[in-house]
Amino acid sequence: MKRGKPATLFLFLIQPFMGFLFAIRDLKRIQNCIVFTIFAALWGWSMSFEYTPADNYRIAASFCQRPVTNFDEILEKQEEGKSVDIYLSIINYVVHKYSDNAKAYFAVLCAIFGLFCLASIRYVIIHRTNKNNTLLILFVIMMFSTASFAYSSMPRFWTAAWIMAFTTMNLMDGNYKWIPLLVLLPYIHFSFIAISAILVGAIFFSGFFRKHEKILFYLFCITFIVSFVLPESALDYIIPDSMLEGEKAMSKYNSYVNTNQIGGRQVVREASAYREANSLVTHFFQNVMKLAAFTVILVIRKYKKYFENDLRIQKMYTFLLMLASLCFFMSILRHVGWRFIWLLWLPLYYLFYVVYDIYKPRIIHKYGYWIIFVNLYTVSHMLYVTYRTVDLHLFFMPLYNVIQRGIDFPPVNWA
């Protein structure tokens, strides 16, 4: 073992969180990648299900009270419109073959989440052009805090977000073997069907979209402006009833959109206290991050002449114009709109850093650190969600005790 290269796996076996902290210092080492992924699984094993408004409670209760024991049942429900995305059902089926423990269920979900989180962050680190620098460290930290382990308590959306980030980076570099992941995305979270379509367009029809960059840019600007005033009910005119066939599709729509209608499409249940909490603060910082994303893309566009012959950056820029338009529009959703703005930042961090890494525009070097202040809320929200959803013994107890606390964990019941 080289000096200054601690045996992180050994540290992990003593105290997991300490091993994890040492591991993230150098994610090029395979040993550290193993620690990162196992710690993600341990995070899921340490999930607490005491705060009933949280998503992880609802998912754990569904796992315990609605076990999936027949794979054909999953396919039948989807065909009958009783299931939109089948990711959780498949993991439910696999885990129930070995355990009825909700902590084991989340350990598997978080391991998958952590694997793609690691793959995305490691891709940025390995494929940089220059040596490590403070901006690289900053961007990696911001990427992680935007979709950290804390959000594995909402596993469908954020697992899909990391898969999207990883797939985007690879496809932009011509690694087309990862295309099947685009097909899987809508089965993990139904909203990613539009994102998959946008990414396919940016990759395989890049020439067409580059010729019409001005139209994409104007659409980007228009959706940014109208997203501040557009009501949720505008989705009624975008999403036709024919796309909402099946009780589950309608239920998903109703759970996200408040149309205030007496008949037809309407909310089937009130938003939980968890989603209502600090809604004004969340909405304020959503707008701050939306404005910051808009500004960053404008800065990148200003320096287009630097990378006009760089096909990878051109494709990434085209993709971000389309993705931003979609995310700005989806931000009108009161309770989940923030997710789409944060989702936008994952590939945006990557492009922003790549432009700096290769071309070093003076404006990024001078003002790039302001991203810290723009994203202060993501860090604080990460800590808040962690406090609400994770057994804090994970952060100071030995590995044996952390594991032991989850063995024979009782079933999670509906409140």
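**Exercise 1. Determine what share of the residues in the chain is buried, and describe the fold that goes with it.**

Step 1. Buried residues (under 20% relative accessible area, with exposed meaning over 50% and partly exposed in between, for a 1.4 Å probe and protein chains only) make up 55% of the 415 residues in the chain. The model is a predicted one, in which local features need pLDDT of at least 70 and side-chain atom pairs count only at pLDDT 80 or more, while totals for chains, interfaces and linings use all residues. Residues are numbered from 1 along each chain as its sequence is written, and side-chain values use heavy atoms, with hydrogens and water left out.

Step 2. The chain has 23 helices and zero strands, where helices (H or I, at least four residues) and strands (E, at least two) are DSSP runs numbered from the N terminus.

Step 3. Of the contacts (heavy atoms within 4.5 Å) with a separation of 6 or more, 77% are between residues 24 or more positions apart.

**Exercise 2. Check the length of helix H7 against its number of residues, and examine its N-terminal end.**

Step 1. Helix H7 covers residues 102-126, and at 1.5 Å a residue its 25 residues should span 36 Å, the expected span being 1.5 Å times one less than the number of residues. The end C-alpha atoms of H7 are 36 Å apart, which agrees.

Step 2. At the N-terminal end, Asn 101 caps H7 through a side-chain oxygen that lies 2.8 Å from the backbone nitrogen of Lys 103.

Step 3. H7 is mostly covered, with 18 of its 25 residues buried.

**Exercise 3. Trace the salt bridges of Glu 213 and of Asp 55, and state which parts of the chain they link.**

Step 1. A search of the whole structure finds seven salt bridges, each a side-chain nitrogen of Lys or Arg within 4 Å of a carboxyl oxygen of Asp or Glu.

Step 2. Glu 213 meets Arg 301 in a salt bridge of 2.8 Å, N to O. Arg 301 lies in helix H17 and Glu 213 in helix H13 (residues 213-226), so the pair ties together parts that are 88 residues apart in sequence.

Step 3. Glu 213 also forms a salt bridge with Lys 304, with the closest N and O atoms 3.4 Å apart; Lys 304 is in the loop between H17 and helix H18 (311-330), 91 residues from Glu 213.

Step 4. Glu 213 counts as buried because its relative accessibility is 9%, whereas Arg 301 at 23% and Lys 304 at 25% are partly exposed.

Step 5. Asp 55 forms a salt bridge with Arg 339, the closest N and O atoms being 3.4 Å apart. This pair links helix H4 (residues 55-65), which holds Asp 55, to helix H19 (residues 337-359), which holds Arg 339, across 284 residues. Both partners are buried, Asp 55 with a relative accessible area of 8% and Arg 339 with 6%, and a network of salt bridges links these two residues with Arg 58.

**Exercise 4. Decide what is unusual in the backbone of Asp 408, and locate the residue.**

Step 1. Most residues other than glycine have a negative phi. Asp 408 is not a glycine, yet has a positive phi of about 60 degrees.

Step 2. Asp 408 is found in the segment after helix H23 (399-404), and counts as exposed because its relative accessibility is 74%.

Note on methods: A polar contact is a pair of N or O atoms within 3.5 Å; within protein, one must be able to donate a hydrogen and the other to accept it, and residues adjacent in sequence count only if both atoms are side-chain atoms.
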